[in-house]
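Open the model in your viewer and keep the selection tool at hand. The stops below say what to select next and what is there.

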Amino acid sequence: MKRLFDSGDEFLRRSTWKDLALVKLCLFSLGFLFGTRVPRGRKLGARFLARLVFILTYIPLMGKYISVVMGMRREERLARKAAASE
């Protein structure tokens with residue numbers, strides 16, 4: 001669990017305001033899909049738009065998050081090698 005929180009902290013350190021705006025849009029669209037009531041006639045269009053926003057924001061966010069996690073793992077391996085060689 002500590003590694004998960006550490007990777008989240010590192011993601012935030014490397015994020016810009018644009019990344020945080022994507023997080024907000026992603027969460028808003030997910031909340032919209034699960035929690036709002038839309039009249040029947042407009043439900044399909046609203047849900048389609050919310051799904052589209054979720055997908056378009058989730059993919060780049062997860063790409064950046066995965067690169068942060070991979071970078072952290074790489075740094076840990078280098079630190080272990082340096083400690084082992086001493």
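A residue is called buried when its relative accessible area is under 20%, exposed when that area is over 50%, and partly exposed in between (1.4 Å probe, protein chains only). Select M72 as a trial: its relative accessibility is 15%, so M72 counts as buried.

Before going further, note what kind of model this is. The structure is predicted, so that local features need pLDDT of at least 70 and side-chain atom pairs count only at pLDDT 80 or more, while totals for chains, interfaces and linings use all residues. Residues are numbered from 1 along each chain as its sequence is written, and side-chain values use heavy atoms, with hydrogens and water left out.

**Stop 1: the whole chain**

Show the chain as a cartoon. Three helices and zero strands appear in the chain, in the order α-α-α from the N terminus on. Helices (H or I, at least four residues) and strands (E, at least two) are DSSP runs, numbered from the N terminus. Colour residues 2-14 for helix α1, residues 17-35 for helix α2 and residues 40-85 for helix α3.

Now turn the chain to see its outline. Along the principal axes, the C-alpha atoms fill a box of roughly 70 × 25 × 15 Å. The radius of gyration is 18 Å, whereas a compact globule of 86 residues would have a value near 12 Å. That radius is taken over C-alpha atoms, and the globule rule is 2.2 Å times the number of residues to the power 0.38. Of the 86 residues in the chain, 19% are buried.

**Stop 2: a network of salt bridges**

Select E10, R13, R14 and E75, which are linked in a network of salt bridges. A salt bridge here is a side-chain nitrogen of Lys or Arg within 4 Å of a carboxyl oxygen of Asp or Glu. Side chains of opposite charge can pair when their charged atoms come close. The whole structure holds seven salt bridges.

Start with E10 and R13, whose side chains meet at 2.5 Å, N to O. These two residues are three apart in helix α1, so about one helical turn separates them. E10 counts as buried because its relative accessibility is 19%, while R13, at 61%, is exposed.

Next, move to R14. E10 also forms a salt bridge with R14, with 2.8 Å between the closest N and O atoms. E10 and R14 are four residues apart in helix α1, again separated by about one helical turn. R14 has a relative accessible area of 35% and is therefore partly exposed.

Which residue forms a salt bridge with R14 at 3.9 Å between the closest N and O atoms? It is E75. This pair links distant parts of the chain, with E75 in helix α3 and R14 in helix α1, 61 residues apart. E75 is partly exposed, at 48% relative accessibility.

**Stop 3: distances across the chain**

Return to M72, which is in helix α3, and add D6. These two are 66 residues apart in sequence, and their C-alpha atoms are 9.3 Å apart in space.

Now select G35 in helix α2, an exposed residue at 57% relative accessibility. From G35 to A79 the C-alpha distance is 45 Å, with their positions 44 residues apart in sequence.

For another such pair, select R40 and G71: they are 31 residues apart in sequence and 46 Å apart in space, C-alpha to C-alpha. R40 is in helix α3 and is exposed, at 77% relative accessibility.

**Stop 4: two surface patches**

Keep R40 selected and add R37, K43, R47 and R51; together they gather in a patch of positive charge on the surface. Patches are made of residues with over 30% relative accessible area and no salt bridge, with like charges joined within 9 Å and nonpolar side chains (Val, Leu, Ile, Met, Phe, Trp, Tyr) within 5 Å. Lys and Arg count as positive and Asp and Glu as negative; His and the chain ends are not counted. The place of a charge is taken as NZ of Lys, CZ of Arg, CG of Asp or CD of Glu. R47 lies in helix α3 and is partly exposed, at 32% relative accessibility.

Finally, select F48, L49, L52 and L56. They form a nonpolar patch on the surface, with about 430 Å² of accessible area together. Accessible areas come from the Shrake-Rupley method with a 1.4 Å probe; for residues, only the protein chains shown count as cover. L49 is in helix α3 and is exposed, with a relative accessible area of 53%.
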